[in-house]
Amino acid sequence: MNEAIFPGVPRIESPIFVSDKMEDLSEAERTTARDLNENGYAIIDFPDSELDARIARIKANLTPRFDIPFDDPTADKTRGERRIQDAWSFDEDVRAIASNQAILDLLGKLYGRTAFPFQTLNFPVETQQRAHSDSVHFSSLPERFMCGVWLAMEDVPQRPGRLSTFADRIAGLSSAMP
């Protein structure tokens, strides 16, 4: 199903997704498509052979901007500046991650439209936010074509991970969640 039968619906959310043979996708891409369709998220290895070096440079470049005493093990790391928005605009490694062509190509195949990055958020430590929906801040027209890509820049276990998700998604009500 290379051509969108339902152009206003992402391929991975098509009402006939189960009949999509996905012959244009690799096995790994089919697995990602199924995970997104069934769970609302997928866990993949980020396709960048320079990722570890990029992360080290990003941490070195952004750490001074957070105004957090990272050297002091007793310091409260939840105080001070908690995030940097749009670091892609001044940090080439953040930009390289946000505009990773393999990720953009994958999202284009899975959503049926050309994917493009529009924002980055970098946090100094895990945010420990309560459960919430970001759809009030990030959305698209038509609805459901926004996909967030979350990249942990530290080792985190896959289960249970740091990112909370909800198994029961309510189609059509995404922007109604608080």
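Here is a short conversation between a visitor and a guide about this predicted model.

Visitor: What should I know before we start?

Guide: Residues are numbered from 1 along each chain as its sequence is written, and side-chain values use heavy atoms, with hydrogens and water left out. Because this is a predicted model, local features need pLDDT of at least 70 and side-chain atom pairs count only at pLDDT 80 or more, while totals for chains, interfaces and linings use all residues.

Visitor: What elements does the chain have, and what makes a stretch a helix or a strand?

Guide: The chain has 4 helices and 2 strands, in the order α-α-β-α-α-β from the N terminus. Both kinds are DSSP runs, numbered from the N terminus: helices are H or I runs of at least four residues, and strands are E runs of at least two. Strand S2 covers residues 121–122, so this run meets the strand minimum of at least two.

Visitor: Why is Asn122 of that strand called buried?

Guide: Buried means under 20% relative accessible area, exposed means over 50%, and partly exposed lies in between (1.4 Å probe, protein chains only). Asn122 has 8% relative accessibility, so Asn122 counts as buried. Contact means heavy atoms within 4.5 Å; leaving aside residues up to four places away in sequence, Asn122 touches several residues, including Ile58, Phe66, Arg82 and Met153. Across the chain, 26% of the 178 residues count as buried.

Visitor: How do you know that Arg30 and Glu27 form a salt bridge?

Guide: A salt bridge is a side-chain nitrogen of Lys or Arg within 4 Å of a carboxyl oxygen of Asp or Glu. The closest N and O atoms of Arg30 and Glu27 are 2.9 Å apart, so the pair fits that cut-off. Both residues lie in helix H1, 3 residues apart, about one turn of the helix. Arg30 is buried at 18% relative accessibility, whereas Glu27 is partly exposed at 46%. The structure holds 10 salt bridges.

Visitor: What makes the pair of Asp93 and Arg54 a tie between parts of the chain?

Guide: Their closest N and O atoms are 3.0 Å apart, and they form a salt bridge. Asp93 lies in helix H3 (residues 92–98) and Arg54 in helix H2 (residues 51–62), so the pair ties together parts that are 39 residues apart in sequence. Salt bridges that share partners join Asp48, Glu50, Arg54, Arg57 and Asp93 into one network. One of these bridges links Arg54 with Asp48, at 2.6 Å between the closest N and O atoms.

Visitor: Are Asp93 and Arg54 buried or exposed?

Guide: Asp93 has a relative accessible area of 3%, so Asp93 is buried. Arg54 has 13% relative accessibility and counts as buried too.

Visitor: How do you know that Phe6 is partly exposed?

Guide: Phe6, in the segment before H1, has a relative accessible area of 33%, and this value lies between the 20% and 50% limits, so Phe6 is partly exposed.

Visitor: Which residues of helix H4 are buried, and what covers them?

Guide: In H4 (residues 101–111), the buried residues are Ile103, Leu104, Leu106, Leu107, Gly108, Leu110 and Tyr111. Their cover includes H1 and H3. Just after H4, Gly112 takes a positive phi of about 80°.
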